[in-house]
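Visitor: I am new to this structure and would like to know what stands behind the words used for it. Could you take me through them with care?

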Amino acid sequence: VNTTFMKKLLIKNAKLIAAMDGHNSFSTGNEYKDHSIYCENGVIKDIFSEKISISADIEIDASNHIVLPGLVNTHHHLFQTLTKAIIEAQNASLFDWLKILYPIWSRITPVELKSAVKIGLSELIISGCTTSSDHLYIYPNGIKLEDEIEVARTLGIRFHSTRGSMSIGESNGGLPPDYLVEDESFIIKDSQDIINKWHDPSHGSMIRIALAPCSPFSVSKELMRDTAILAREYNVGLHTHLAENSDDVEYSKRMFGLTPGQYIEELGWIGKDVWHAHCVKLNNEEIDLFSRTGTSVSHCPCSNMRLGSGILPLNKMLDKGVNVGLGVDGSASNDSGNLLNEARQALYLQRVNETNNFYLNARNALWLATAGGATALNRDDIGSIKVGNCADFAIYDSTSLELAGSVEDPIGGLIFCGPLKTRWTICNGQIISENNNIKNINIEDTINQHNSLSRKLINS
């Protein structure tokens with residue numbers, strides 16, 4: 001546990017608390033009315049209704065507020081925050097979209113990356129996110145994974161930083177340009193060094209590392225296999241893109257003679273320590289594989305729609321017992337970082353896609369954004385409000401304009417009426433944003449600097 005800020009926190013008289021402490025998305029757990037939450041040293045100590053006097057260093061009057069566990073983002077590419085809404089890429093599917101953007105991304109420097117991470121994480125925080133994964137798979141111009149970690153520590157968000165990689169360029173049949181790929185022996189050595197330096201497996205840890213070769217169309221089978229072996233040796237997670245669209249599936253069949261599910265099974269990329277992004281085009285046998293092995297899916301509905309990739313068979317996956325979390329994906333393919341919006345779209349997409357249109361409800365969707373995401377990241381200390389868990393909370397004002405009229409079910413209103421931003425976002429027992437203000441940076445200055453850097457990057 002981060003011992004820098006050891007304080008007592010009291011969230012008083014919350015109008016509603018949705019604990020999300022159930023067993024799965026169909027049994028979402030307890031809901032409390034007019035309860036308080038007491039925390040010490042970043043850990044929840046008590047949830048109670050009695051009007052008792054407790055002294056605390058931080059007290060929040062939540063009498064008109066809805067409290068959720070801090071939201072969990074399981075997939076992002078924060079560097080892409082520099083390239084939102086690029087005109088040429090607005091009407092392109094995945095492979096063409098990547099080819100348009102690779103040359104721009106190759107010019108990103110550490111200064112620009114840090115700016116992108118500040119903006120991307122700030123956007124997440126004010127939507128209620130307290131834990132985010134990020135998938136950094138390009139390393140031009142001296143960029144390092146530590147650049148991201150440094151910013152996350154400043155902002156106070158819980159961070160799962162994944163050491164991404166690309167090793168097969170165009171000249172060898174891959175999609176990325178040769179100038180953006182790395183040597184595989186260096187990737188393995190650097191991954192090992194990053195784990196040794198930064199990974200913290202302890203309860204309540206603020207920084208964890210996972211290993212994340214980018215995709216089947218940008219790395220070799222050997223790198224996938226060696227990465228899995230290394231991850232198991234160090235007991236860290238594994239992450240990649242999988243079966244994102246039809247082109248992705250056809251590439252796998254053409255290059256490897258295997259479907260995406262067969263490919264990852266052969267290479268050892270299944271299990272509770274693995275979460276795959278997208279998985280839009282998994283077939284029934286592959287869904288059964290994920291269910292049988294406890295492998296998780298990171299569902300990114302807005303990005304999938306933006307790129308025309310298709311609709312994840314979410315209802316079918318959940319019915320089969322597959323664990324699903326949510327991801328906002330990179331800000332060049334969403335182009336937003338609001339996890340409540342992802343939950344809303346995850347729900348709505350199934351209603352236009354499935355015969356059993358009303359299989360999911362608002363609470364199921366909120367569970368995906370909280371406990372489902374925690375399970376995807378292989379954590380049992382976040383994603384739900386219960387004694388012993390981390391003091392991570394997203395607190396929304398029930399008297400806000402957006403929720404006006406949702407008096408019968410304000411919790412459902414968080415999905416149907418949004419997307420909202422928090423009144424307070426709390427991570428590790430500390431307020432990291434309040435009324436859209438990020439606590440540890442000047443957000444106006446950060447936005448101005450970011451726009452200047454973005455303009456220069458795109459036009460250079």
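**Asparagine 245 and its surroundings**

Guide: The side chain of asparagine 245 reaches the backbone nitrogen of aspartate 248 at 2.8 Å, and it reaches the backbone nitrogen of aspartate 247 at 3.1 Å. This is a predicted model, in which local features need pLDDT of at least 70 and side-chain atom pairs count only at pLDDT 80 or more, while totals for chains, interfaces and linings use all residues. Residues are numbered from 1 along each chain as its sequence is written, and side-chain values use heavy atoms, with hydrogens and water left out.

Visitor: Why is asparagine 245 called buried?

Guide: Its relative accessible area is 6%, and buried means under 20%, whereas exposed means over 50% and partly exposed lies in between (1.4 Å probe, protein chains only); asparagine 245 is therefore buried.

Visitor: What is asparagine 245 in contact with, leaving aside its neighbours within four places in sequence?

Guide: Asparagine 245 is then in contact with Leu94, Lys281 and Ser309, where contact means heavy atoms within 4.5 Å.

Visitor: Why is the sulfur of cysteine 390 not counted in a bond with that of cysteine 427?

Guide: A disulfide is a pair of cysteine sulfur atoms within 2.5 Å, and the sulfur of cysteine 390 is 7.8 Å from its closest cysteine sulfur, that of cysteine 427, so the distance is too far for a bond. Cysteine 390 is also buried, with a relative accessible area of 2%.

Visitor: How many disulfides does a search of the whole structure find?

Guide: The search finds zero disulfides. Cysteine 214 is in none, the nearest cysteine sulfur, that of cysteine 300, being 13 Å away; cysteine 214 is buried, at a relative accessible area of 5%.

Visitor: What makes a space a cavity, and how many of 30 Å³ or more are found?

Guide: On a 1 Å grid over the protein atoms alone, a cavity is a set of points where a 1.4 Å probe fits but cannot get out, and lining residues have an atom within 4 Å of a point. Grid points are joined across faces, edges and corners, and a volume is the space filled by probe spheres set on the points. A search of the whole structure finds two cavities of 30 Å³ or more; the largest has a volume of about 120 Å³, and the second largest about 30 Å³.

Visitor: Which residues lie nearest the centre of the largest cavity?

Guide: Of the 16 residues that line the largest cavity, Leu94, Leu98, Tyr137, His241 and Glu244 lie nearest its centre.

Methods. On a 1 Å grid over the protein atoms alone, a cavity is a set of points where a 1.4 Å probe fits but cannot get out, and a pocket is an open set with protein on both sides within 12 Å along at least five of seven lines; lining residues have an atom within 4 Å of a point. A polar contact is a pair of N or O atoms within 3.5 Å; within protein, one must be able to donate a hydrogen and the other to accept it, and residues adjacent in sequence count only if both atoms are side-chain atoms.
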